[in-house]
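This report introduces a protein model to a reader who has not met it before. Please look over the sequence and the structure before reading on.

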Amino acid sequence: MTTGNSDSVKKPKTKTKAEKTLKKSRDLVLSKKMKEKAKFLLKEKACNECLGRQFINTVKGTSNSERGNKIAKALKVKANEPSECRFCKGLTNLKTITDWVAESLEGIEFDTFLVGSRVPKDLVEKEEAMWTEIGIESSEPLKQNLNRLVGKQISEKLDKEVDFDLPDVNIIVDFTEQDLEIKINPLFLCANYIKLKRGIPQTKWPCRACRGKGCEKCKGTGKQYETSVEELIAAKCLEEFGAETQSFHGAGREDIDALMLNDGRPFVLELKNPKKRKTDLKKLEKKINSFAKGSVEIKNLESCGRKKIRELKLAKFDKSYRALVECEREIKKSELEKLSEFTESEIIQQTPLRVLHRRANLSRKKYVYSMEWKKPKRGKTFELFVRASAGTYIKELVSGDEERTKPNVSSVLGAKCKCVELDVLEIIPKKTVARRKKK
Ligand SMILES: [Zn+2]
Ligand SMILES: [Zn+2]
């Protein structure tokens, strides 16, 4: 494979190799035991491939059929046709399968693939019985053999690479049912999103009344909210990559009524069943931003791997917020000085009442790094700028949430306060979080 020759039709090199092999095969000397084994296999009409793969570690050769050929020659017998072979019943004659696979892959963009297969049970059992009977200790089993052969042929035919870890496409040949399954693996994109409009949830929310089926309440959309950050970003991506659906993985989320400003929040978009895998991401970013204009904007769109999701979920981000607070009474600027006690302080937060229906009722220590304020001369409202540790509930830090957050802005000021607007200003990756090794 080092010829650097992309022309896969001509294969002069293989021919010379085969010629060399012929010469060498005259030199092959079989031990008595090996002779017995080979004779048994040949009596069962083993084809070259099936004969050769039983001697994968004992007879030198670049392929099983070459090994088989050598052995047959050493025994001065003719090899059997795969169609007669009782070990593979002709399955190793893979031309039709390869053509079928190639045809099924038409219109799908991919660079790497992996072949798997389902093999008739009776053949597997026959093979295993033979191993015990004649004492074959290391062989390439039929299934593995077929996977490798199909993989090799596809690779040559389509000029694509086999990838055992993260293939773009999984090909599963079912030799039992004569069926073929092509599984296109998802494509992952990552970026930061900025949310410029309130009232948009991060992800698609199924309608509460019909659970997504579509009803009168949701006007048949099956959705609780008209759109979401997820949908606004995914629409153009699905189109671009010919993908079917998506999953959205955010590094945490803000409330539906909160904005996400400045550099935005990291996320991974998983596109499922994409027919295309490559595009100009800069152009796509522009398309997304013009489509979602006024609601959502993304920055730094890049492709990534699945492990990025885990990275995002594990990472703890400190956040800074702007909260517009409304107090039950007029509040003096001097009174707000009391809030300085929050800076560099610990608070205890019990799971907010508003999320108790979906989160466990727990008490958690949170940390407020800083709290600053801005206030017009008169009025009941003021702005708070808070930087706090990951997962701090800011609305509850303001209201107190029936004293489930302690201390809280209301208790410190001695007046009931409410957060009427919340913006996430910044998401700050914590340096103390152990970084997984880079890819
Ligand atoms: Zn065979
Ligand atoms: Zn509904």
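## Where two domains meet

In this predicted model, 12 residues of domain 2 are in contact with 7 residues of domain 3. By class, the side of domain 2 that touches domain 3 has 5 nonpolar, 2 polar and 5 charged residues. The domain assignment places domain 2 at 187–314 and domain 3 at 317–429, and it also gives a domain 1 at 12–90. Between the C-alpha centres of domain 2 and domain 3 the distance is 28 Å.

## The nonpolar cores

The largest nonpolar core has 52 residues, and those with the most contacts inside it are Tyr193, Ile233, Ala323, Val325 and Ile394. Strand S7, which covers residues 258–272, gives the most to this core, with 7 residues. Because domain 2 and domain 3 both give residues to this core, it lies between them.

Ile233, when its neighbours within four places in sequence are left aside, is in contact with Tyr193, Leu269, Ile288, Ala292, Val296 and Ile298. A second core, separate from the largest one, has 35 residues, including Phe110, Leu114, Val115 and Val169.

## Helix H7

Helix H7 has 17 residues, 142–158, and from its first C-alpha to its last it reaches 24 Å, close to the 24 Å expected at 1.5 Å a residue. The buried residues of H7 are Leu142, Asn145, Leu146, Asn147, Leu149, Val150, Gly151 and Ile154. Just after H7 comes Asp159, which takes a positive phi of about 60°.

Key: Residues numbered from 1 in each chain as written. Chains lettered and ligands numbered in written order. Predicted model: local features only at pLDDT ≥ 70, side-chain atom pairs only at ≥ 80, totals over all residues. Domains from an automatic or database assignment. Nonpolar A, V, L, I, M, F, W, Y, C, P; charged D, E, K, R; others polar. Helix = DSSP H or I, 4+ residues; strand = E, 2+ residues; numbered from the N terminus. Expected span 1.5 Å × (residues − 1). Buried ≥ 20, exposed ≤ 12 C-beta atoms within 10 Å, placed from the backbone. Core = buried A, V, L, I, M, F, W, Y, C linked by C-beta atoms within 7 Å.
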